[in-house]
Amino acid sequence: MIGKQKTIEKEVSYTGRGLHTGKTTSVVCKPAPADFGVKFVRMDLPQRPVIRVSAGNARYDAHHSRRTILSEGGVEVHTVEHFLAAIAGLGIDNLEIEIDSEELAEPSDGSAAPFVSLLKSGRPIEQDAPKRYFVVNRPVSYCEDSVELLALPYDGLKISFTIEYDNRLVGTQHAAFELNDEIFASEIAPARTFVLLKDVEMLRKKGMIKGGSLDNAIVIEDDHIMNEEPLRFKNEFVRHKILDFIGDLFLLGAPAKGHFVGVKSGHATNVKFVQKLSEMSRQLPEPNVRTGAPKEPLWNVNAIQRIMPHRYPFLLVDRILELEDRKRVVGIKNVTINEPFFAGHFPGHAIMPAVLIIEAMAQAGGVLLLNTVDKPETKLVYFMAIDNAKFRKPVLPGDQLRLELELVKLKARVCKMRGMAFVDGELVAEADLMSQIVDRYPPSSRLCNL
C-alpha cells in the first residue's frame with residue numbers, strides 16, 4: 001500500500017513558556033498543502049521570515065548543546081526537538097507553524113505527549129500525494145569521542161539507543177523500538193526531559209533553563225528524583241533520548257526508513273549525523289529520497305555509477321527499482337539496437353549474447369552486495385563462479401530485461417545469489433552466481449606502495 005502525505009484538518013494553537021529563555025510564546029499550527037514540508041514563521045519579526053525544517057538549517061554549538069536550533073537567513077527558532085518528534089511520530093508531512101518568539105514553548109511537562117495531543121486535536125488527514133521517505137540504503141556511521149551513531153537499511157523505522165551516565169539512578173540504559181504512530185504515542189512521547197541537579201547551576205550561569213522547573217523536567221539528585229511524580233517508565237531516561245533523536249532525525253525533511261543505532265549521543269552529535277546523511281542524499285539523490293510509488297526508480301544510472309566501476313560500453317544496468325537489504329534487488333536493462341555488441345552478434349540477426357545477460361544479472365547483484373558494506377565506492381565485486389545457467393528465450397533489441405537477484409548466502413565478503421531475468425514477465429535466463437567483495441585500489445596507490 002502506498003503511503004499518503006499528511007497534514008492537519010484544522011488550525012490548533014497553544015501558549016507556553018520557553019524552557020531556556022523563559023519567555024511566554026504563542027504557537028499556531030496550520031494545515032499546509034502537499035509537498036509543503038514543515039516550516040516555522042516568525043510572526044514577531046518584520047516580513048514574517050520563514051525557517052524551513054531541514055538539515056542544512058540545523059545549528060549546533062557547545063553553548064546550545066542541550067537544544068536543537070533552526071536558522072535561516074539569520075533568523076532562528078530554538079528548542080524544536082520535542083515538537084518535531086511529535087510531528088514525525090504522528091506521520092505528519094506538511095505543517096505551517098506560526099511562532100511569536102525565538103523559542104518554541106514547552107506546553108507543560110517536558111515530554112512530547114502534550115504536542116501529540118495538540119496535533120491530534122487538529123485531526124491529521126491524508127492528502128492526495130504519495131509520502132516521500134528518506135531511505136537508508138547502505139550503512140552510514142558517525143563517531144565522535146565515545147559517541148557512536150549508525151544508520152542501517154531497514155524496511156521501516158527502528159531505533160536502538162544506549163545511554164551511559166555516572167549517576168547511580170540513570171546508569172547505563174538501553175532500549176529498542178520498532179516505531180509506528182501508536183507505539184510512538186504510548187511508549188516514547190510521554191518520556192520527559194531530565195537533568196542532573198549538579199548541572200543545574202552551570203546551565204543557569206550560561207543563561208539557560210530560565211523556564212525550567214520540576215513541572216517540565218525530571219531533576220535527578222544522586223539516586224533519586226526530586227519530582228513528586230514518579231518515573232513513567234523504568235527506563236524513561238533512554239526513552240527520552242530516543243524521543244530527542246526522532247525529533248532531530250526529522251531534520252532530514254522527510255520521514256526516515258532505516259534502523260538507527262545510537263550510543264551516548266545528544267543533540268549536537270545527532271545534528272552532525274543527520275547532516276552527514278543529508279549530504280549523502282545530495283550526492284546520491286535517487287536512492288535516499290523517494291516516494292512510495294512503485295514505478296519510480298530507486299536508483300537511477302547516475303546513482304549506480306557512483307558505486308559501480310562499470311562504464312560504457314559495459315554498464316548493463318540502467319535502473320534499480322527495488323532493494324531489500326541483504327535480501328534481494330530488482331534492476332532494469334533497456335536493450336536497444338544501438339548496443340555495440342549487436343554489430344557482431346549477429347549481423348542481420350541481432351541477439352543479446354547470453355554471457356552479457358549473466359553479466360547484467362551480476363551487476364545488479366553487485367549493487368545488492370555493495371549495499372552491505374560501508375564506503376561501497378572503495379570496493380569492487382569479483383565474479384567467482386556461475387552454476388545452473390539456463391537460457392530459455394533470446395533477448396532482442398527493444399526488449400527490457402528485468403533482473404531479479406536474491407541473496408542466498410553471505411559469509412564475510414563472499415556471497416551466493418540466485419538470479420533470474422525476465423522480458424514482459426517471461427523468464428528468459430537464470431543462474432546461480434558466486435561473488436566476492438574486494439578493495440578497489442587505484443593504480444596510483446599501488447605505485448606509491450611499491
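Lys30 counts as partly exposed, because its relative accessibility is 24% and that class lies between buried (under 20% relative accessible area) and exposed (over 50%), as judged with a 1.4 Å probe and protein chains only. This residue belongs to a predicted model, in which local features need pLDDT of at least 70 and side-chain atom pairs count only at pLDDT 80 or more, while totals for chains, interfaces and linings use all residues. Residues are numbered from 1 along each chain as its sequence is written, and side-chain values use heavy atoms, with hydrogens and water left out. The protein has ten helices and 26 strands, these being DSSP runs numbered from the N terminus, with at least four residues for a helix (H or I) and at least two for a strand (E).

**Overall figures**

- Of the 450 residues of the protein, 52% count as buried.
- The accessible surface comes to about 20500 Å², and 51% of it belongs to carbon and sulfur atoms; such areas come from the Shrake-Rupley method with a 1.4 Å probe, and for residues only the protein chains shown count as cover.
- Among contacts between residues at least 6 apart in sequence, 70% join residues at least 24 apart, where a contact means heavy atoms within 4.5 Å.

**Salt bridges**

- Side chains of opposite charge can pair when their charged atoms come close.
- A search of the whole structure finds 27 salt bridges, each defined as a side-chain nitrogen of Lys or Arg within 4 Å of a carboxyl oxygen of Asp or Glu.
- Lys30 meets Glu98 in one of these salt bridges, with 2.8 Å from N to O, and the pair links distant parts of the chain, since Lys30 lies in strand E3 (residues 24-31) and Glu98 in strand E9 (residues 95-99), 68 residues apart.
- Glu98, at 14% relative accessibility, counts as buried, whereas its partner Lys30 is partly exposed.
- Arg52 and Glu72 form another salt bridge, in which the closest N and O atoms are 3.1 Å apart; Arg52 is in strand E5 (residues 50-52) and Glu72 in strand E7 (residues 69-72), 20 residues apart, and the pair links distant parts of the chain.
- Both partners are partly exposed, Arg52 with 37% relative accessibility and Glu72 with 22%.
- Arg418 pairs with Glu430 in a salt bridge whose closest N and O atoms are 2.2 Å apart, and this pair connects strand E25 (residues 414-423) with strand E26 (residues 426-439) across twelve residues.
- Arg418 is partly exposed at a relative accessible area of 23%, but Glu430 is buried at 8%.
- Asp109, Arg192, Glu229, Arg232 and Glu236 are joined into one network by salt bridges that share partners.

**A three-stranded sheet**

- Three strands form an open sheet in the order E16-E17-E18, with mixed pairing, two strands being paired if DSSP finds at least two bridges between them.
- Strand E16 (194-196) and strand E18 (224-225) stand at the edges, each with a single partner strand, so one side of each has no neighbour in the sheet.
- E16 pairs with strand E17 (residues 218-221) in the parallel sense over three bridges, and Val195 stands opposite Val219 in E17.

**Cysteines**

- The structure holds zero disulfides, a disulfide being a pair of cysteine sulfur atoms within 2.5 Å.
- Cys143 counts as exposed at 55% relative accessibility, whereas Cys415 is buried with a relative accessible area of 1%.
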